Amino acid sequence: MKKLHLFVLALGSLLLASCASVPMASSSADAEAKQFTPQPGRASIYVTRGFGVGSALVFQTILDGRIAGALAPNTYQLLSVSPGQHTLIVSATENVQQTTLTVQPGRNYFVEVSVSMGFIRGHANIQSISDSQGRSQVLSSKRAAATTYQ
């Protein structure tokens, strides 16, 4: 019985240690982003990542060739962009996925990053999602820090 307790304790410690973390935005920035109000003359791209398979993985996000930040499970990024075409890339250890969005000022756009099993590690998948699904995911997540380039 004592060995079982030690095994459970060791397994719990391993699971906690393997959880990914990324720099986070302040709680006030998180609350502001959850108002879903783009800056005047700009569009908002929300990049969300739920919880599930691959919880130890961190994905890098790149917007228009510049590093925007990183996503851990149950986090999102808010990227404020000028109107027009933008390329969003998500980089994992075994693959890179990209999508192109053409955005209009005053609108919100939602992109979901998910994980599927790769050869050794998880693969990133990226897809646009509906406004209602995106808002729901953002509201149940915390805002990760993101670099905004003008």
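**A walk from helix H3 to the cores**

Arg-135 and Asp-131 both belong to helix H3, which covers residues 131–139. They sit four residues apart, about one turn of the helix. The model shown here is predicted. In this model the two side chains meet in a salt bridge, with N and O 2.8 Å apart. How exposed are the two partners? Arg-135 counts as partly exposed, because its relative accessibility is 28% and the partly exposed class lies between under 20% and over 50%. Asp-131 has 37% relative accessibility, so Asp-131 is partly exposed as well.

The count of salt bridges comes to two. The other entry links Lys-34 with Asp-30. Here the closest N and O atoms are 3.2 Å apart. Is Lys-34 buried or exposed? Lys-34 is buried, because its relative accessible area is 19% and buried means under 20%. Asp-30 has 13% relative accessibility, so Asp-30 counts as buried too.

Next come the strands. An open sheet holds four of them, in the order E3-E2-E5-E6. The pairing is antiparallel. Why is one side of E3 and of E6 left without a neighbour in the sheet? Both strands stand at the edges, and each has a single partner strand, so one side of each stays free of a sheet neighbour. On average, neighbouring strands of this sheet are turned by 25 degrees against each other, direction ignored.

Look at one pair in this sheet. E2 and E3 run antiparallel and are joined by five bridges. Gln-60 stands opposite Ala-70 in E3.

Now turn to the nonpolar residues. In soluble globular proteins, nonpolar side chains tend to be buried together. The largest nonpolar core in this model has 21 residues. Which of them touch the most other members? They are Ile-45, Val-47, Phe-59, Leu-79 and Val-103. Many strands feed this core. E1 (43–49), E2 (59–63), E3 (66–71), E4 (75–81), E5 (84–91), E6 (96–103), E7 (108–117) and E8 (122–129) each supply at least two residues. E7 gives the most, with four.

A second core is separate and has eight residues. Among them are Phe-36, Tyr-76, Leu-78 and Phe-110.

Finally, return to Val-103 in the largest core. What does Val-103 contact, leaving aside its neighbours within four places in sequence? Its contacts are Ala-43, Ile-45, Val-81, Ser-82, Pro-83, Gly-84, His-86 and Tyr-109. One of these, Ile-45, is also listed with Val-103 among the residues that touch the most other members of the core.

Technical notes: Residues are numbered from 1 along each chain as its sequence is written. This is a predicted model: local features need pLDDT of at least 70, side-chain atom pairs count only at pLDDT 80 or more; totals for chains, interfaces and linings use all residues. Side-chain values use heavy atoms; hydrogens and water are left out. A nonpolar core is a set of buried Ala, Val, Leu, Ile, Met, Phe, Trp, Tyr and Cys residues joined through side-chain atoms within 4.5 Å. Buried means under 20% relative accessible area, exposed over 50%, partly exposed in between (1.4 Å probe, protein chains only). Contact means heavy atoms within 4.5 Å. Two strands pair if DSSP finds at least two bridges between them. Axes are lines fitted to C-alpha atoms, for helices over the stretch in contact, and angles run from 0 to 180 degrees between N-to-C directions. A salt bridge is a side-chain nitrogen of Lys or Arg within 4 Å of a carboxyl oxygen of Asp or Glu.
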